[in-house]
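Reader: I am new to this structure and would like to look at its charged residues. Could you walk me through them?

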Amino acid sequence: MNERLNKFKTDSTQFWSSRSKKQKGTIIGSIIAVILLAAALTFFLTRTTYVPLFTDLTLEEAAQVKTSLDGLAVDYQIGTGGTSISVPEDQLESLKLQLASEGVPSGAGDGYSTFWNNAGFGMTDNEFNVLQLSAMQTELANLIRQIDGVNDASVMIALPETGVFLNDSSQEPTATVILQTALGHQFSEDQIKTLYNLVAMSVPNLKQENIVITNQYSEDFTLVDTGSSSSIVADQMMIKEKIERDLQRQVQSLLGSLMGAGKVVVSVTTDIDFSKENRQEDLLTPVDEENMQGIIISAQNISETYTGTGAAATGEPEADTTTDNFTTYNEGTFGDGEYERVEEQLNYGVNEIQREISESPYKIRDLGIQVVVEPPTPDDPATLPAGLTEDVEAMLSTIVRTTIDKSSTGTLTEEQVGEKIVVSVQQLHGMSVDTAEEKPFIPWWAYVIGGILLAAIVLLVLYIMRARKKREEEEELALIEEQEELIVEEIQTEDDSEATVRRKQLENMAKEKPEEFAKLLRTWIAED
């Protein structure tokens, strides 16, 4: 056993001493890389991954879950603030079923179940009212918690005392709600309106003006009257900003494709008509618009002809002088005569049009576009291609013509359109560009492990190739040495004397074993 150990030690020492410094560094680096790779793989493959079991818990609910997990001997982690609890990923589903069967967490209150559990035959009216109010507050808080952005809610309801007579109660019910909102969550007007309606509809005779809703930061959630002037102005400003932002993005995208990213800055201003008009029109139009005539609906032709003596009476009518109210004609001399009367009556029909027009608001009465273009060489405006400014103005002119409402301004002239467009060429010294931060799909430690693994593989391949080459060289040297050792001794002839044989042996000994030959010479000299 000792011989084997000594032999292994000797071989190892010889192997290490026969290597160069570069080879020694490669071997040490490969060993360290393999050890680090093995340690990293062991860490990431054997570590426990925790996932949330419950989030947004109250302290009472978190205490219930913690007690149940301690009884089940399960590892868990409590999040910051004690509102969330995480468990190993492989135990998540089974723990959810186990805790659900136990009724954990049971919530901050049991609502009306508490009312029914505590109700009894000997309960007084005061006890009944207290339990009913507590159950109402708990149920309302549970409903509010289901709204997005609300982690927890506390509700306090104040009901007036009911007298014997209907006119005894002059007070009105009130409600106060304190919300534990999620960090950074912004409630919309619809969500705030939902909160007010939820509270008002849950309490009898509760008016919205008697409701106060706030959060943990003492921020009031005031219900905005959508019919108020301030709300209308806010809506109009929001619509105006949206229209301007859409136009700005359209122009920015168009000119950015032409000039390049970061070379164009666009600003758009608008004048919006928010008036809404309702009118009724009763129009009469001719059927034949060219001749301005209608269509004949009915026609009547009357023709009278008379020939003979005793023509019609002549003279002028006299004024009425009697109460009989009739006209007398003077008599005269009558002779032969003719009488003819032709009468034609035509009734034309026209188009009768009745219109009830309701014009929607949001008409763009005026528009202004300001553009700043940076030349290819920022500090040299002469590097801007010739005619590019005119092309930009022509593009913007088209946008202005198609965007402005023509019913209020009519057809715009070239001069009027030019007054609404400003194109400036100068260097941009800074732009506020919003760049979205891209999250890598692969974590950084994966790249580190991949690099270490790749380096270890490359070092191992190089080491194996060099070791194989070294072994082949050693085998070639060993083969050459074996060939040199196979030297055929000279055949002694009978004529060789004993002195000749000894001389040849001494020569061979001096070549093959010089140390022993030197010892032999020293021995002969000492004997002499």
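Reader: How many salt bridges are there?
Author: Happy to help! Please keep in mind that this is a predicted model. A pair counts when a side-chain nitrogen of Lys or Arg is within 4 Å of a carboxyl oxygen of Asp or Glu. By this rule, the number of salt bridges is 10.

Reader: Which residue forms a salt bridge with D70, and where do the two lie?
Author: The closest N and O atoms of this pair are 3.1 Å apart. Both residues lie in helix α3 (residues 59-72), four residues apart, which is about one turn of the helix. The partner of D70 is K66.

Reader: K207 forms a salt bridge too; how many residues apart are K207 and its partner E172?
Author: Their closest N and O atoms are 3.2 Å apart. The pair links distant parts of the chain: K207 is in the loop between α7 (189-202) and β6 (211-215), and E172 is in the loop between β4 (150-158) and β5 (174-181). Along the chain, they are 35 residues apart.

Reader: Is D273 buried or exposed?
Author: D273 forms a salt bridge with R365, and both belong to a network of salt bridges with D271. Buried means under 20% relative accessible area. Because D273 has 18% relative accessibility, it counts as buried.

Reader: Which residues form a negative surface patch?
Author: One of them, E472, is in helix α12 (residues 444-485). E472 counts as partly exposed because its relative accessibility is 43%. The patch is formed by E472, E473, E474, E475 and E476.

Notes: Residues are numbered from 1 along each chain as its sequence is written. This is a predicted model: local features need pLDDT of at least 70, side-chain atom pairs count only at pLDDT 80 or more; totals for chains, interfaces and linings use all residues. Side-chain values use heavy atoms; hydrogens and water are left out. Patches are made of residues with over 30% relative accessible area and no salt bridge: like charges are joined within 9 Å, nonpolar side chains (Val, Leu, Ile, Met, Phe, Trp, Tyr) within 5 Å. Accessible areas come from the Shrake-Rupley method with a 1.4 Å probe; for residues, only the protein chains shown count as cover. Lys and Arg count as positive and Asp and Glu as negative; His and the chain ends are not counted. The place of a charge is taken as NZ of Lys, CZ of Arg, CG of Asp or CD of Glu. Buried means under 20% relative accessible area, exposed over 50%, partly exposed in between (1.4 Å probe, protein chains only).
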